[in-house]
Amino acid sequence: MDENMWIIELESALLDDCNVNDIYSICQGKPLPEALRPDVWQVCLDVRNKSDQMSLFNEIYDLPFQSQLREDCQRYVDRIGNDEEDKVSVVSDLESIMTFYCKNRNLQYEPENGWIELLLPLCALKLNRSDTFNLFEAIRDTYIPKGCKPKGNVFHVFRLLLLYHDPELCTVLDTKKITPDLYSLTWFQSLFASCSSLSVIIAMWDLYFQNADPFMVFFLALIILINGREQIMAMKSSSKEEIVKFLVNMPCALEVDDVSDFCSLAQYYALKTPTSFKTDYLKALYGKQNDTPRSQEESNKVSQALCLPVSVYELVENSATEFPVQDAVRFFLVDCRPAEQYNAGHLSTAFHLDCNLMLQEPVAFATAVQGLLTAQKQAIEVNSNAGGEHLCFMGSGRVEEDQYTHMVVASFLQKNTHYVSLLTGGYASIHDYFGDHMADCLEDHSASKCLVCQQHNVKQAKPTALKASTPSSTDLFSKFSAAMKSKSAEVKGRLLDIIVNPSSNGSGAGASGASNNGAGQAQTVQERHVSAKERNGKRYRNVAPVFSIDDENEDAYDPAEKDAPQPAGVNKEIVNLNQYFKTADIINAFKCQDVHINGYMYDSHLIITPTHLVVLRELGRGQAQIMVRRPLASIVKITAKKRHRDLITFKYGFPDGDGLLITDMDRFLIPNAAEATALVSKQIVHVLDNAN
């Protein structure tokens, strides 16, 4: 009975106004009951309440290609092996639906275009023509990439994906002049229905529609190739025709029991692929089908791409974000600009590899590449956010220099290096992304020597003056700058226990004034920020914390510590907000916004319990995720900005001689900041009194 409770829950949800997220959370990859499948698919494809479009069909079969369409419908149905009465009914439904689809969309049917293969599994659901048509139309619009034709854009994109994950296999196929459209055209245009059994397709589509990711077909196709890698590599001496025939038929070996693992592997590879792959190509592949000059231009850009592109937005976010998901993409940024350009401004996390060395000094270039690989390996070993398996190369964004950057990238691809990507727009895109905050986020930036600044010298000369006159206005971007510098230090072996002082451009140790809350006398307290490895200290017994509310502009800090992995024991479980607020030990809860290192703010709740400060981040639908649980006894300082009294920073650590050892910090925008900080102060004193 317990095993089938989910089916009862699914039936109940289908009676209500559920959506694809509800379906996914209930089913969790289980095979759907046959009786519920039609309703589930209609919910997942959002056609449950769609009107009867087939009622507009005039039942006139007069298309120029009508006889070809009818003949193909009959031929496909004959393969099914149903009894004659069923065959007549299915042929009639197929021809009616596709005739109306062509007339309604002003499209022309072409033999072997995948439409019939796509319709046959839907006919197996035994729905009426209207519902079947709505499902077919939704699948075509949502999940079939536009341009599924020989040499179409979709296959250029797929090749870039294969090159990213298995460059050696991609090179073998390229050498044989086997382009993806020669073997995967039918996979994409029918979601594998053309080359798999009906039972396999039904099981696959059950998971596919619940997953609601139009790009899943790319990763399923990738898994097909990677799974057959050994056989493909063993066929190097075979003819092109033999290899293509083998590739086309690979999905035929799939069985129903393989489907779950097949889809899970696809999702795993999707996780290990830069999100730019989807965001950059979504409009081109799944937008309205057209052949405008602009769409042709996009197609040319993809077909001429050297490797997978990465957007500047993803790179910056990736450099300053926590990585709670194992195997998520982590970039190791390689700056390939000439030395003089690099020295005029660069990201601190970037490893410099002068592309000019490749032609001018090959031996020095080879040495530099070995240094790069060694630095990357070390960064991965210490689990640094500044280093990962995924190499992202960056040029200047100027055609004249980037041709050499492309040569460097090509040299890595020729060595079958996995996970190679290229930053779209190069350094110029990073420079423009930061805008007025650029001077705070780039290291060693010189407006007089920077080529981008020289092009926009009037516009880009402002950040330096802005920084001098209103340091607090670039505070959030300064966070990013400090994080980048600290993560760079991990790779380069610098010390992480210094305080970055804005007044000295992050190069010196800083101190902040504080008043001893217990004695009420002013004194200077030295703060020192530590790395995650040093976080083993405990508050000295019977020693009061140096604790104050500072009405000062925030002293800088090492925000890489906030992005470091949470200590063992910190649970990031999902909770129901209403139920959580009813917990007996909650003293008060304050709605706030968690201010992230990259400037993003997340709707959150600051929960105060007798012993802890708990942060809940809203997920929607009445749910939240527990981000951190901070012991109140670990709070050693609370600061507020003069101009923004509601922007509160909590610093955690313990006394270290006459100073403070800062181990971590959080920042929140709290509408009731005064009330919240007063209550936290009161509870800290209470906790310490009880401890003593």
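# Close-up views of a predicted model

**View 1. Strand E11 and its partners.** E11 and strand E12 (residues 601-608) pair in the antiparallel sense, with eight bridges between them. One such pairing sets alanine 589 against isoleucine 607 in E12. The model shown here, and in every view below, is predicted. E11 also pairs with strand E17 (residues 659-669). That pairing is antiparallel too and has two bridges. Here the bridge partner of aspartate 594 is phenylalanine 668 in E17. As background, strands of a sheet pair through backbone hydrogen bonds, either parallel or antiparallel.

**View 2. A salt bridge between E11 and E13.** Lysine 591 and glutamate 618 meet through their side chains in a salt bridge, 2.5 Å from N to O. Lysine 591 sits in strand E11 (residues 588-595), and glutamate 618 in strand E13 (residues 612-620). The two residues are 27 apart, so the pair links distant parts of the chain. Glutamate 618 is partly exposed, because its relative accessible area is 28%.

**View 3. The hairpin of E13 and E14.** Eight bridges join these antiparallel strands, E13 and E14. Across the pairing, valine 614 stands opposite arginine 629 in E14. How many residues lie between the strands of the hairpin of E13 and E14? There are two. In this hairpin, arginine 621 takes a positive phi near 55°.

**View 4. Strand E10 beside E14.** Strand E10 (residues 574-576) runs antiparallel to strand E14 (residues 623-631). Three bridges join them. Asparagine 576 faces glutamine 623 in E14 as its opposite residue.

**View 5. An open parallel sheet.** Five strands make up this open sheet. Their order is E1-E5-E4-E2-E3, and the pairing is parallel. Which strands form the edges? They are strand E1 (308-310) and strand E3 (351-352), each of which pairs on one side only. Strand E2 (residues 331-335) pairs with E3 in the parallel sense over two bridges. In this pairing, valine 334 stands opposite phenylalanine 351 in E3.

**View 6. Lysine 50 meets glutamate 137.** A salt bridge joins lysine 50 and glutamate 137, with their closest N and O atoms 3.0 Å apart. Lysine 50 lies in the loop between helix H3 (37-44) and helix H4 (66-80), while glutamate 137 is in helix H7 (residues 129-143), so the pair ties together parts that are 87 residues apart in sequence. Is glutamate 137 buried or exposed? Glutamate 137 is buried, because its relative accessible area is 4%, and buried means under 20%. Lysine 50 is partly exposed, with a relative accessible area of 38%. Both residues also belong to a network of salt bridges that links Lys50, Arg105, Glu137 and Asp141. Across the whole structure, a search finds 21 salt bridges. In general, side chains of opposite charge can pair when their charged atoms come close.

**View 7. A salt bridge within helix H4.** Here the side chains of arginine 75 and aspartate 72 meet in a salt bridge, at 2.9 Å from N to O. The two residues are three apart in helix H4, so about one helical turn separates them. Arginine 75 counts as partly exposed, at 30% relative accessibility. Aspartate 72 is buried, with a relative accessible area of 1%.

**View 8. A negative surface patch.** Glu255, Asp257, Asp258 and Asp261 form this negative patch on the surface. Where does glutamate 255 lie? Glutamate 255 is in the loop between helix H14 (240-248) and helix H15 (259-271). Glutamate 255 is exposed, because its relative accessible area is 52%, and exposed means over 50%.

**View 9. Lysine 236 in a loop.** Lysine 236 belongs to the loop between helix H13 (229-234) and H14. Its relative accessible area is 44%, so lysine 236 is partly exposed. Lysine 236 and leucine 173 are 63 residues apart along the chain, and their C-alpha atoms are separated by 8.9 Å.

**View 10. Serine 319 in helix H18.** Serine 319 has its place in helix H18 (residues 312-319). Serine 319 is buried, with a relative accessible area of 9%. Between the C-alpha atoms of serine 319 and leucine 347 there is a separation of 10.0 Å. Along the chain, these two residues are 28 apart.

Methods
Residues numbered from 1 in each chain as written. Predicted model: local features only at pLDDT ≥ 70, side-chain atom pairs only at ≥ 80, totals over all residues. Heavy atoms only, no water. Patch = residues over 30% accessible without salt bridge, like charges linked within 9 Å, V, L, I, M, F, W, Y side chains within 5 Å. Areas by Shrake-Rupley, 256 points an atom, 1.4 Å probe, with all protein chains shown as cover. Salt bridge = Lys/Arg side-chain N within 4 Å of Asp/Glu carboxyl O. Lys, Arg positive; Asp, Glu negative; His and termini not counted. Charge placed at Lys NZ, Arg CZ, Asp CG, Glu CD. Helix = DSSP H or I, 4+ residues; strand = E, 2+ residues; numbered from the N terminus. Buried < 20%, exposed > 50% of the residue type's maximum accessible area, 1.4 Å probe, protein only. Pairing = 2+ DSSP bridges.
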